[in-house]
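New notebook page, one chain to go through. I want to start from a single residue and work outwards.

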Amino acid sequence: MLFGPKSSSDPRLKLLQSVALFKDLSMRELEMVNGLLHERRYLAGEVIFDEGEEGQGLFVVLSGRVKISRPGTENGFMIEFGPGSFFGEVSLLDQSARTAQARAAEDTVIVVLFRVEFSTLLETHSAIASRISFQLARVLDARLRQAVLATDHHHDAL
C-alpha cells in the first residue's frame with residue numbers, strides 16, 4: 001500500500017507515540033506535530049542548554065541519554081532522561097531562564113518543539129494543542145509533587 005499509515009515504518013513516529021505528551025493524539029495529529037519538530041544531534045558531553053539561558057522549547061529524547069544538573073550546587077546531578085522522555089517543558093509556557101543545565105550523557109538525538117511552533121499550533125489546531133497542554137499540566141503536576149516529596153524527605157533526614 002503506497003499511501004498507508006507511516007507509523008509502521010517510521011521509528012520516530014513510533015517513539016513519539018510513547019511520549020506522555022502525545023499519547024492522546026491520533027496518528028494523523030502526531031504526524032502533524034512531528035512536522036513541527038526540529039531534530040538535533042549531540043555528542044557525549046556536549047551541552048544542550050545551560051542554566052540561565054532563555055528557554056526556547058521542549059526537548060524529546062529519541063536516542064541516547066541526557067543529564068540534567070545544576071553545576072556548582074552541593075549535589076549537582078539531578079536527573080537523567082532516556083529515549084521517549086522529555087524535558088524543558090516549562091519553556092513552552094514562558095520565556096523564563098533555564099534552572100539547570102542539560103548535557104548529553106552519550107551520543108544523543110533529540111527533537112525540539114519550539115515555543116513559536118507550539119503557539120502556532122494553538123492558533124491553527126487548537127484541539128491538538130489543548131490535548132498536549134492537558135498532558136503537560138499532568139506531567140508538571142506530577143513532577144512538582146515529586147519535588148515536594150523529595151524536599152520533605154530531605155528535611156526529615158536533617
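**Entry 1: one residue to start from**

Leaving aside neighbours within four places in sequence, which residues is Val60 in contact with? I looked them up: Leu16, Val19, Phe22, Ser85, Phe86, Val109, Ile110 and Val111. Before going further I note that this is a predicted model.

I placed Val60 in strand β3. Is Val60 buried or exposed? Its relative accessible area is 1%, and the cut-off for buried is under 20%, so I put Val60 down as buried. I also checked Phe81, which is 21 residues from Val60 in sequence, and got 9.1 Å from C-alpha to C-alpha.

**Entry 2: the sheet around it**

Next I followed β3 into its sheet. I find an open sheet of four strands, in the order β1-β8-β3-β6, with antiparallel pairing. The edge strands are β1, at 38–42, and β6, at 86–87, and each of them pairs on one side only. As a reminder to myself, strands of a sheet pair through backbone hydrogen bonds, either parallel or antiparallel.

How many bridges are there between β3 and β8? I get six, in the antiparallel sense. Val60 has Val111 as its bridge partner in β8, and Val111 is also among the contacts I wrote down for Val60.

On to β1, which is joined to β8 (residues 108–114) by five bridges, again antiparallel. I noted two of the partners: His38 goes with Val112 of β8, and Arg41 goes with Val109 of β8.

Why do I call β8 largely enclosed by the rest of the structure? Because six of its seven residues are buried. I then looked at what lies across the sheet and found helix α3, residues 115–124, across β1, β3 (57–63) and β8. Helix α3 runs at about 50° to β8.

**Entry 3: the cores**

I wanted to know whether Val60 belongs to something bigger, so I pulled up the nonpolar cores. The largest has 26 residues, and those with the most contacts inside it are Leu16, Phe22, Val60 and Ile132. Leu16 and Phe22 were already on my contact list for Val60.

Which elements give two or more residues to this core? I have α1 (11–17), α2 (27–34), β3, β8, α3 and α4 (126–157). Helix α4 gives the most, with five residues. I also found a second, separate core of 14 residues, which includes Tyr42, Ile48, Val66 and Phe87.

**Entry 4: charged pairs**

Now the salt bridges. A search of the whole structure turned up seven, and I went through some of them.

Arg12 forms one with Glu39, with the closest N and O atoms 3.1 Å apart. Arg12 lies in helix α1 and Glu39 in strand β1, so this pair ties together parts that are 27 residues apart in sequence. Glu39 also forms a salt bridge with Arg41, at 3.0 Å between the closest N and O atoms. I therefore checked how covered each partner is: Arg12 is buried, at 18% relative accessible area. Glu39 counts as partly exposed at 35%, and Arg41 as exposed at 61%. I wrote the three down as one network of salt bridges: Arg12, Glu39 and Arg41.

Which residue forms a salt bridge with Arg145? My note says Asp141, with the closest N and O atoms 2.9 Å apart. Both sit in helix α4, four residues apart, which means about one helical turn separates them. Arg145 is exposed at 54% relative accessibility, while Asp141 is partly exposed at 36%.

**Entry 5: the chain as a whole**

Last, I stepped back for the totals. The chain has four helices and eight strands, and from the N terminus on I read the elements as α-α-β-β-β-β-β-β-β-β-α-α. Of its 158 residues, 38% count as buried. The accessible surface comes to about 9200 Å², and 54% of that belongs to carbon and sulfur atoms.

I also looked at how far along the sequence the contacts reach. Among contacts with a separation of 6 or more, 73% are between residues 24 or more positions apart.

How values were computed. Residues numbered from 1 in each chain as written. Predicted model: local features only at pLDDT ≥ 70, side-chain atom pairs only at ≥ 80, totals over all residues. Heavy atoms only, no water. Pairing = 2+ DSSP bridges. Contact = heavy atoms within 4.5 Å. Axes fitted to C-alpha atoms, helices over the stretch in contact; angles between N-to-C directions. Buried < 20%, exposed > 50% of the residue type's maximum accessible area, 1.4 Å probe, protein only. Areas by Shrake-Rupley, 256 points an atom, 1.4 Å probe, with all protein chains shown as cover. Core = buried A, V, L, I, M, F, W, Y, C linked by side-chain atoms within 4.5 Å. Salt bridge = Lys/Arg side-chain N within 4 Å of Asp/Glu carboxyl O.
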